[in-house]
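User: I should like to understand the terms applied to the interior of this model. Please explain each one against its definition.

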Amino acid sequence: MSDHSAPLRHGAIILARHGEPALSRKVLLSADEYREFWGAYEIGGILPGQAPPERLRKFVAECGALVSSTRLRAIESARTMVGERVFEHHDMLIEAPLPPPRFPSWIRLSPKLWGFIARVWWWYFNHHEGQETRAEAEARADRAAALLIGLAAGGDNVVVLAHGFFNHLIGRSLKKLGWKLVESEGYKYWSMRRFERG
């Protein structure tokens, strides 16, 4: 009879999006104005007074590892649930840059629509303006997935507080490695997507 114990099953990986930023999206912007908006969005925190969903709070309270991106909105989102508890922040988890195409200034759109267009141009037309390319972001997502799988290897769940689009890329990387999406709340603020080892 073998003395070797059975290997631990990996914990789940829960990819959560940060809370609502303290920056109104109820505006119409030109492409150049959207660049300024995105710059402010990238360095800003979240709208004060938000209450994260109770289910996400529970996952965070019980997880073996909590990690966030280094962006303030991700760190502040995690802090609403853990206070001063220490957790890791990783540059590897920040959002892809997604610059908008240089449309004429008379075209004025909402930040949400600009975000969609920027993703399409970046994804299908390799529009990156010298910033991170799609291929580079996908490689970064692969590295992020490997980091998270390592954290989950001991059997405890891992919760990630990061960003909608880059979380999507991490999810694609996890699926390539045999992980299954078992629950999804979409990509709205505070939403979760739960992956388990297949």
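Analyst: A cavity is a set of grid points where a 1.4 Å probe fits but cannot get out, and its lining residues have an atom within 4 Å of a point. The model is a predicted one. Its second largest cavity, of about 30 Å³, is lined by Leu15, Ala16, Arg17, His163, Gly164, Asn167, Gly186, Tyr187, Ser191, Met192 and Arg193.

User: What makes Leu15 a lining residue of the second largest cavity?

Analyst: Leu15 is listed in that lining, which means that an atom of Leu15 lies within 4 Å of a cavity point. Strand 1 supplies the largest share of this lining, three residues.

User: How are the residues of this lining divided by class?

Analyst: The lining has four nonpolar, five polar and two charged residues. Gly counts as polar, so Gly164 and Gly186 belong to the polar class.

User: Which residues line the largest cavity, and what makes four of them charged?

Analyst: Glu138, Asp142, Leu169, Arg172, Ser173 and Lys176 line it. Asp, Glu, Lys and Arg count as charged, therefore Glu138, Asp142, Arg172 and Lys176 form the charged class. Helix 6 gives four residues to this lining, the largest share.

User: Why is Val159 said to touch Leu56?

Analyst: Contact requires heavy atoms within 4.5 Å, and Val159 meets this with Leu56, so the two are said to touch. Phe59, Val60 and Leu66 are also among the residues that Val159 touches.

User: What makes Val159 a member of a nonpolar core?

Analyst: Val159 belongs to the largest nonpolar core, of 28 residues. Core members must be buried, so Val159 has under 20% relative accessible area.

Methods: Residues numbered from 1 in each chain as written. Predicted model: local features only at pLDDT ≥ 70, side-chain atom pairs only at ≥ 80, totals over all residues. Heavy atoms only, no water. Core = buried A, V, L, I, M, F, W, Y, C linked by side-chain atoms within 4.5 Å. Buried < 20%, exposed > 50% of the residue type's maximum accessible area, 1.4 Å probe, protein only. 1 Å grid on protein atoms, 1.4 Å probe; cavity = no way out; pocket = protein on both sides within 12 Å on 5 of 7 lines; lining within 4 Å. Helix = DSSP H or I, 4+ residues; strand = E, 2+ residues; numbered from the N terminus. Points joined across faces, edges and corners; volume = space filled by probe spheres on them. Lists of a residue's contacts leave out its neighbours within four places in sequence.
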